[in-house]
Amino acid sequence: MRIVRSVRHKVCADGSFMKEFLISEPVPEGFFLFLSHFGTVESLPALGEGFYKFEKTDWFSIKGFTGDTMLEVRFKKEVMNLTVDFLFFLFTSYKDGDYDLVKLKMREENLGRKICEFLYGPSGTK
């Protein structure tokens, strides 16, 4: 599964940057379970059956329906240049539940240090 292209983008009132992405195939429910290794995943059936929200604080959030080929991603604008590659990496790494979690977590940890330093200074604390 991969991101094909950005269909729409805009700066939001809260300062985040939203991009709507076209995905190469319908998003399986397992993808949102996979994302739970990297942040918080919520199922929001009140918004529609199969609607999920993923949140990785200070990085990005993903909203969308399983079975759809469009997802909305909101980036923290200040670190978007750092996190967008990780987002693409998550999509290409997910292969029907067959992925190298150790490799992904190491990449996430290394990038997390850079993001904390960028946002909060050399000490990396809030």
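In the predicted model, six strands form an open sheet in the order S1-S2-S6-S5-S4-S3, with antiparallel pairing. The edges are occupied by strand S1 (3-11) and strand S3 (40-43), each of which has a single partner strand, so one side of each is left without a neighbour in the sheet. On average, and with direction ignored, neighbouring strands of this sheet are turned by 20 degrees against each other.

Strand S6 (residues 70-75) pairs with strand S2 (residues 17-23) in the antiparallel sense, over six bridges. Within this pair, Leu22 is placed opposite Met70 of S6, and Glu20 is placed opposite Glu72 of S6. S6 also runs antiparallel to S5, to which it is joined by four bridges. Ile62 has Val73 of S6 as its bridge partner. S5 and S6 make up a hairpin with four residues between the two strands. In the turn of this hairpin, Gly67 has a positive phi of about 85 degrees.

Ser61 belongs to strand S5 (residues 60-65). Ser61 has a relative accessible area of 7% and therefore counts as buried, the limit being under 20%. Apart from neighbours within four places in sequence, the contacts of Ser61 are Phe54, Glu55, Glu72, Val73 and Arg74. Of these contacts, Glu72 is also the residue that Glu20 stands opposite, and Val73 is also the bridge partner of Ile62. In a regular strand, side chains alternate between the two faces of the sheet.

Helix H2 (residues 80-93) lies across S1, S2, S5 and S6 and runs at about 150 degrees to S6. The largest nonpolar core has 31 residues, of which Phe60, Ile62 and Leu87 touch the most other members. Two or more residues each are given to this core by S2, helix H1 (29-35), strand S4 (51-56), S5, S6, H2 and H3. The contribution of H2, seven residues, is the most given by any element. In soluble globular proteins, nonpolar side chains tend to be buried together.

Phe60 was examined further as one of the core residues with the most contacts to other members. With neighbours within four places in sequence left aside, Phe60 is in contact with Phe54, Glu55, Val73, Arg74, Phe75, Thr83, Phe86, Leu87 and Leu90. Phe54, Glu55, Val73 and Arg74 also appear among the contacts of Ser61.

Two polar residues in helices were also considered. Glu108 is located in helix H3 (residues 101-120). The relative accessible area of Glu108 is 8%, and because the limit for a buried residue is under 20%, Glu108 is classed as buried. Beyond residues up to four places away in sequence, Glu108 touches His37, Phe38, Lys56, Trp59 and Phe86. Phe86 is also among the contacts of Phe60. The C-alpha atom of Glu108 is separated by 9.6 Å from that of Thr83, which is 25 residues away along the chain. Thr83 is itself one of the residues in contact with Phe60.

Ser93 is part of helix H2. Ser93 is likewise buried, with a relative accessibility of 13%. When residues up to four places away in sequence are not counted, Ser93 touches Asp98, Tyr99 and Leu104.

Conventions: Residues are numbered from 1 along each chain as its sequence is written. This is a predicted model: local features need pLDDT of at least 70, side-chain atom pairs count only at pLDDT 80 or more; totals for chains, interfaces and linings use all residues. Side-chain values use heavy atoms; hydrogens and water are left out. Buried means under 20% relative accessible area, exposed over 50%, partly exposed in between (1.4 Å probe, protein chains only). Contact means heavy atoms within 4.5 Å. Two strands pair if DSSP finds at least two bridges between them. Axes are lines fitted to C-alpha atoms, for helices over the stretch in contact, and angles run from 0 to 180 degrees between N-to-C directions. A nonpolar core is a set of buried Ala, Val, Leu, Ile, Met, Phe, Trp, Tyr and Cys residues joined through side-chain atoms within 4.5 Å.
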